[in-house]
Structures are given as C-alpha cells and as structure tokens.
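Here are my notes on the model you sent round. Please read them with the structure open beside you.

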Amino acid sequence: MREDYIETEYKPKPDELVCEYYMEPADGVSFEKACNHMAGESSIDTWSDISTLSPEKAQELKPHVFSIDKERGVVKVAYKQDLFEIDSVPQILSAIAGNIMSMKLVKNLRLEDIAFPKDVLNSFRGPKYGLNGVRDLFGVYDRPLVGTIVKPKVGLSSEKHADVAYKSFVGGCDIVKDDENLTNQKFNAFDKRVKITLDAKEKAEKETGERKMYLCNITAPTCEEMLRRAEVINDLGGKYVMIDIITAGWSALQSLREATEDMDIAIHAHRCMHSVMTRNPRHGVNMVALAKLTRLIGHDQLHIGTVVGKMHGDKDEVLSLRDECALDYMPANDQLHILEQDWGNIKPMMPVASGGLEPGMIPDLYNMFGKDVIMQFGAGIHAHPMGTEAGATACRQSVEAALENITLEEYASNHKELQSALEKWG
Ligand code: CAP
Ligand code: MG
C-alpha cells in the first residue's frame, strides 16, 4: 500500500468523480491510515506493496483524499473517471462502495454522496419523462398526484385486484400501483392482472374524465422476463411500469431504461430493502447516493419517505432526497453531507411520498413538499371505514382542503368521506 493518497491541498478536476464518506477507523488504526487504505483499495492499490502497476501509471490514476474532517469523520475522495466504466452503475459501485465496506481497518464506513463529472452524466440517459413529463402524462399541473397501492400486498385474485383498482380510480386516485411482493404468483398471474387492471383503468377514465395510470410491478427473476413484462404492458397500451430497484439490481435498471427508450413507458422506482444499506447512519450507503444513481440511470419517479408516516427518515433526510430528485442544481451542504451537483441535461424525477399515510396527513405533506409530489396511500385508502372508493375520495377531498388552506375539520363538515377518515385516524 502506497499510503500517499492524502493531499488536502488538492482541488478535484472536472474529470473526477467525487465521493464523500463517513469514516470511523478500527481501534488502534489512525484516521489517515484508514483513509489511505479506503482510497487505495477502492482503486489502484491493495493491502500490501505491489509492483505490477508502473509508478507513472499509479501517479496518473491515483485517488486523492482531498478533504478530511477527523472530528466529524468526514472524508472526501476524488477519483479519476478513467478508473471507471463510466456508463456502468454496477462497476462504479463495486469500486466506491465495494470491498472497502468490509475492511477490518474501518469500524464503520458510509458512502454519503457521489458527485458525477460531466462525462459520466453524459453517458447516461436520465429520466425519459421525469417530473414534468409525468405531469404531462396525467395532464395535472396544479396539485399533488394521489396514488394507492392495492392492499393486501399479496393474496388477492387478479379479478379482485382489478376491482380494488377500479374502485380506487373512480374514488379519485390518479395512480394505482402493485405492491412490491406482487409479481407473478399463482393466485394473481402477471399477464392476466395487467390485462384486466388496464381494462379497469380505461373504464374508470371514461367514467371520470380523468387520466389514470396503472403501475404494474415488472420485477422478475431475469432481465429477459422483466423486459417481456414491460413489453406486454406497452403492447396493451399501458404507460407505466414499477420496478423494485434494490432487489432487481442495477444492471436490471439500466437494461430496463435502455429498453424503454423505444416504448411509451414511464418507470416508477420502488426502493424496498434500501434500509439494509441506508438506515445505519454510520455504515453503508446514504439513500441520497442511491437516489442519484437512480436518476442518472433514468427512472421517472422514486420513493423518498414521508417524515409523518410509518417509515424512518427525518425531515432533513427526506427533503434532501426530494431536492436530489427534483432540482436541476443541488448546492453543497456540508452539514447534510451533500456534494454540489449540476445535473446538466438529466431531467428531474418526480418524488413519491409513501408509507403509513392517511388522508389526515395530507396538509402536513403539502406543507413539506408542495404540489410536486405523488402522495401514495395503501391502508390509508383501503382501510377507510366506508371502503376503498370512499378512501380515495377522502384523499382527494383532503388535497382540495390543503390547496385551499381550509382546515380538514372545516372541510369535513360537508364531505362525509373525509369526516369518516378523520374519525378513524384522528
Ligand atoms: C406502503 C407500502 C410502500 C412503502 C415503501 C408498503 O403501504 O406499499 O411499499 O411506502 O416505503 O408496502 O409499506 P401503506 P418507502 O400505505 O399501507 O403503508 O416509501 O419508504 O420506500
Ligand atoms: Mg408496498
């Protein structure tokens, strides 16, 4: 190990990818040693002296640890883009969040953020629709979009699934989404479910005069099958797919984005299992980094958390995620471990707030996120005392109240669905 990667005077160059890490060395290991090994092992070095790489080449490709804050455990590293296959998220992650996470030399290590240089940005498509394209799909510009996840996650027949979707749509949902556990099971096979749920969507569109979208889960055992499922949806006139980004894997996400370039299909990114990596504030990968990779690849919308609902994620974290999804330029924020990112031509994604939401939370969500968000309700619609349709209606009523700045209690006095929701959830 060369152990000369620390250069705090160094200024990152435009052809370098910058990573911010949180670092805790193991007992008895100096901060500097841990930083050197982390930078070396993620690029051109290993645990003992090697002479296979010429000194000239090592000089050209070596990483630079250009910022160290021992007190806060914050380290920044600049990596030459030539170290990477710049259009491969799996390869980039194998380097910057790979074996270094397992080294005994570190007690804890967390990849907080990645800033992509222009050449990396330009080698990805980014979202095809993005935030504004999603709005165009619905023709809705002046309010948050309301979605639901059919519940329970698994167990319903395809017919029952389509019926719950229909009731959600006519009640007021813009979006109906499959749950993450539902793919292609015996009780609710993919091909049948897509067909009859899209039929239910069309029926509801005719009856309500609103554009509706069905986000069918195409997560599959192989990329081939995942893409077949996307094509089935496209052939049936569906406009959306949902994919589970962590369990499907980054190659699947890149393959899907490539394939949808020739289809009229938007991509909804569901992130279950992310907390295995993101929840521990001292180790793993910050969700912000995963969100940026998802945007780079080109998914149109991503779950970001809610603050008020059932999932972990404080306001700082959720709003950072929202900004990283939705802004064209992200300013650096040292306290929040955010690196500066100019997104160039990569479109913004639509953020999705989901997890333990019910109609009474909508004003708080609206205050936090404004109108550029999809608010998604599972049990908060299907557990409504008057049923699914009324649950969806209660959500739309609550959105109206929030937009008009009327208290929910007042609005509920002549809107019985909202009244019933407030009685149940308080
Ligand atoms: C929500 C949900 C979503 C989570 C994902 C669930 O259902 O369908 O998958 O929101 O979490 O299965 O829990 P409810 P996140 O509305 O009934 O809670 O958005 O944090 O990724
Ligand atoms: Mg779910």
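The points below go from the domains to the sheets and then to one helix pair.

1. Status and division. This is a predicted model. Its chain is split into domain 1, residues 17-122, and domain 2, residues 130-425. The C-alpha centres of domain 1 and domain 2 are 34 Å apart. The two domains do touch: 26 residues of domain 1 are in contact with 29 residues of domain 2.

2. The open sheet. Five strands make up an open sheet, and their order across it is E2-E3-E1-E4-E10. The pairing in this sheet is mixed. Its edges are strand E2 (64-69) and strand E10 (284-285), each of which pairs on one side only.

3. The E2-E3 pairing. At the E2 edge, the neighbour is strand E3 (residues 74-80), joined to E2 by five bridges. E2 and E3 run antiparallel. To find the register on screen, start from His 64, which stands opposite Ala 78 in E3.

4. A helix on the open sheet. Helix H3 (residues 89-96) lies across three strands, namely E1 (16-25), E3 and E4 (106-115). The direction of H3 is at about 40° to E1.

5. The barrel. A second sheet closes on itself: eight strands form a closed barrel in the order E5-E6-E7-E8-E9-E11-E14-E15. Here the pairing is parallel. On average, neighbouring strands of the barrel are turned by 25° against each other, direction ignored.

6. The E5-E6 pairing. Within the barrel, strand E5 (residues 145-149) and strand E6 (residues 175-177) run parallel and are joined by three bridges. Gly 147 stands opposite Ile 175 in E6, which gives a place to check the register.

7. The H7-H8 packing. How do the two helices lie against each other, and at what angle do H7 and H8 pack? Helix H7 (residues 190-208) packs on helix H8 (residues 223-235) at an angle of about 25°, with the axes 10 Å apart. Because angles under 35 degrees count as roughly parallel, H7 is roughly parallel to H8. The crossing of H7 past H8 is right-handed.

8. Residues at that contact. H7 contributes Phe 190, Asp 191, Val 194 and Leu 198, while H8 contributes Arg 228, Arg 229, Val 232 and Ile 233. Sorted by class, the contact of H7 with H8 holds five nonpolar residues, three charged residues and no polar ones.

Notes. Residues are numbered from 1 along each chain as its sequence is written. Chains are lettered from A and ligands numbered from 1 in the order in which they are written. This is a predicted model: local features need pLDDT of at least 70, side-chain atom pairs count only at pLDDT 80 or more; totals for chains, interfaces and linings use all residues. Side-chain values use heavy atoms; hydrogens and water are left out. Axes are lines fitted to C-alpha atoms, for helices over the stretch in contact, and angles run from 0 to 180 degrees between N-to-C directions. Helices (H or I, at least four residues) and strands (E, at least two) are DSSP runs, numbered from the N terminus. Angles under 35 degrees count as roughly parallel, over 145 as roughly antiparallel, 65 to 115 as roughly perpendicular and the rest as oblique. A crossing is left-handed if the near helix is turned anticlockwise from the far one by less than a right angle, and right-handed if clockwise. Contact means heavy atoms within 4.5 Å. Ala, Val, Leu, Ile, Met, Phe, Trp, Tyr, Cys and Pro count as nonpolar, Asp, Glu, Lys and Arg as charged, and the others, Gly among them, as polar. Two strands pair if DSSP finds at least two bridges between them. Domain bounds come from an automatic or database domain assignment.
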